[in-house]
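These are my notebook entries from one sitting with one model. I went through strand pairing, then the core, then the chain as a whole.

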Amino acid sequence: MNFCPECASALQLKRVDGVDGVDGVERKACVAPGCGFVHWDNPVPVVAALIEYQGKIVLARNAHWPEGMFSLVTGYLERNETAKHAVLREVKEELGLDGTVRDFLGCYSFFEKNQILLAHWVVATGEITIGSEIAEVRLVSRDELKRWPFGPLAITSALVKHWLETACGEAGALKNP
Ligand SMILES: [Zn+2]
């Protein structure tokens, strides 16, 4: 953001008071008299779905990602939408599946993208029909998921590991045949 959305003046880097009022932080801010707009650049919430489908886990490759890079289905919330509704809408839009939220898996800070992931465990039914943002999907067993090379996707890797070690184990889901 380079211009003030309130008065259209150019924004400048400025030291503004931090939330704790101690040191302050440097942010783009409007210096026009009487305006006071600050572009705080707060993290954006993103919903993520770890999808259980027909006893497997669905991994998806984003249409912009290289071959072999798979992750969870994610998406932004719409205005006036709860995280639970958003995650189920994304599952429907991207995979054509009807889902129910089994559990909330936690918040994961994604500093590089200035996002906070709200991770949900979703159980889905129906026929997979991939949407425009997805290039391909893989259905993997719990064992395959344990060994899945997420590579640079550290957040996905941590989230999946957490699910395998806690939620999944407690609920006894996805038992190996
Ligand atoms: Zn302004």
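Entry 1, pairing of β5. I started at E52, whose bridge partner in β5 is I57. The model is a predicted one, and I read each pairing below in that light. I then looked up I57 on its other partner strand: in β9, I57 is bridged to V140. β5 and β9 run antiparallel and are joined by 6 bridges.

Entry 2, the hairpin. I asked what lies between β4 and β5. The two strands form a hairpin with 2 residues between them, and Q54 in that turn has a positive phi of about 50 degrees. Their pairing is antiparallel, over 3 bridges. One further partner pair I noted here is Y53 with K56 in β5.

Entry 3, the other partners of β4. Which strand pairs with β4 in the parallel sense? I found β8, over 10 bridges. Within this pairing I picked out A48, whose bridge partner in β8 is A119. I also checked β6, residues 73-76, which pairs with β4 in the antiparallel sense over 4 bridges. There, V47 stands opposite G75. As a reminder to myself, strands of a sheet pair through backbone hydrogen bonds, in either sense.

Entry 4, burial of β4. Is β4 mostly covered or mostly open? I counted it as mostly covered, with 7 of its 10 residues buried.

Entry 5, the core. I looked up the largest nonpolar core and found 31 residues in it. The members that touch the most others are A48, A49, L50, I51, V91, V122 and L159. I then asked which elements supply at least two residues each. They are β4 (44-53), β5 (56-62), α1 (83-95), β8 (115-125) and α3 (154-165).

Entry 6, L159. I took L159 as one of the well-connected core members and listed its contacts, leaving aside neighbours within four places in sequence. The list reads A48, L50, L105, Y108 and A119. I recognised A48 and A119 from entry 3, where they are bridge partners.

Entry 7, helix α1. The helix has 13 residues and reaches 18 Å from its first C-alpha to its last. That is close to the 18 Å expected at 1.5 Å a residue. Which of its residues are buried? I noted A86, V87, L88, E90, V91, E94 and L95, so the buried list includes two glutamates, E90 and E94. An α-helix has 3.6 residues a turn, so residues three or four places apart point the same way. The buried residues of α1 pack against β4, β5, β6, β7 (98-110), β8 and β9 (134-140). Just after the helix, G96 takes a positive phi of about 70 degrees.

Entry 8, the three-stranded sheet. I moved to the open sheet with the order β1-β2-β3, which has antiparallel pairing. Its edge strands are β1 (11-16) and β3 (38-39), each of which pairs on one side only. β1 is joined by 6 bridges to β2, residues 25-30, and the two run antiparallel. For a residue-level check I took Q12, whose bridge partner in β2 is A29.

Entry 9, the whole chain. How many helices and strands does the protein chain have? I recorded 4 helices and 9 strands. From the N terminus on, the elements run β-β-β-β-β-β-α-β-β-β-α-α-α. Of the 177 residues, 24% count as buried. Among contacts with a separation of 6 or more, residues 24 or more positions apart account for 58%.

Entry 10, domains and overall dimensions. The protein chain is divided into domain 1 (1-41) and domain 2 (44-171). I looked up the distance between their C-alpha centres, which is 35 Å. Along its principal axes the C-alpha trace spans about 70 × 35 × 30 Å. The radius of gyration is 20 Å, whereas a compact globule of 177 residues would have one near 16 Å.

Note on methods. Residues are numbered from 1 along each chain as its sequence is written. This is a predicted model: local features need pLDDT of at least 70, side-chain atom pairs count only at pLDDT 80 or more; totals for chains, interfaces and linings use all residues. A nonpolar core is a set of buried Ala, Val, Leu, Ile, Met, Phe, Trp, Tyr and Cys residues joined through C-beta atoms within 7 Å. A residue is buried if 20 or more other C-beta atoms lie within 10 Å of its own, exposed if 12 or fewer, and partly exposed in between; C-beta atoms are placed from the backbone. Two residues are in contact if their C-beta atoms, placed from the backbone, lie within 7 Å. Two strands pair if DSSP finds at least two bridges between them. The expected span of a helix is 1.5 Å times one less than its number of residues. The radius of gyration is taken over C-alpha atoms; the globule rule is 2.2 Å times the number of residues to the power 0.38. Domain bounds come from an automatic or database domain assignment.
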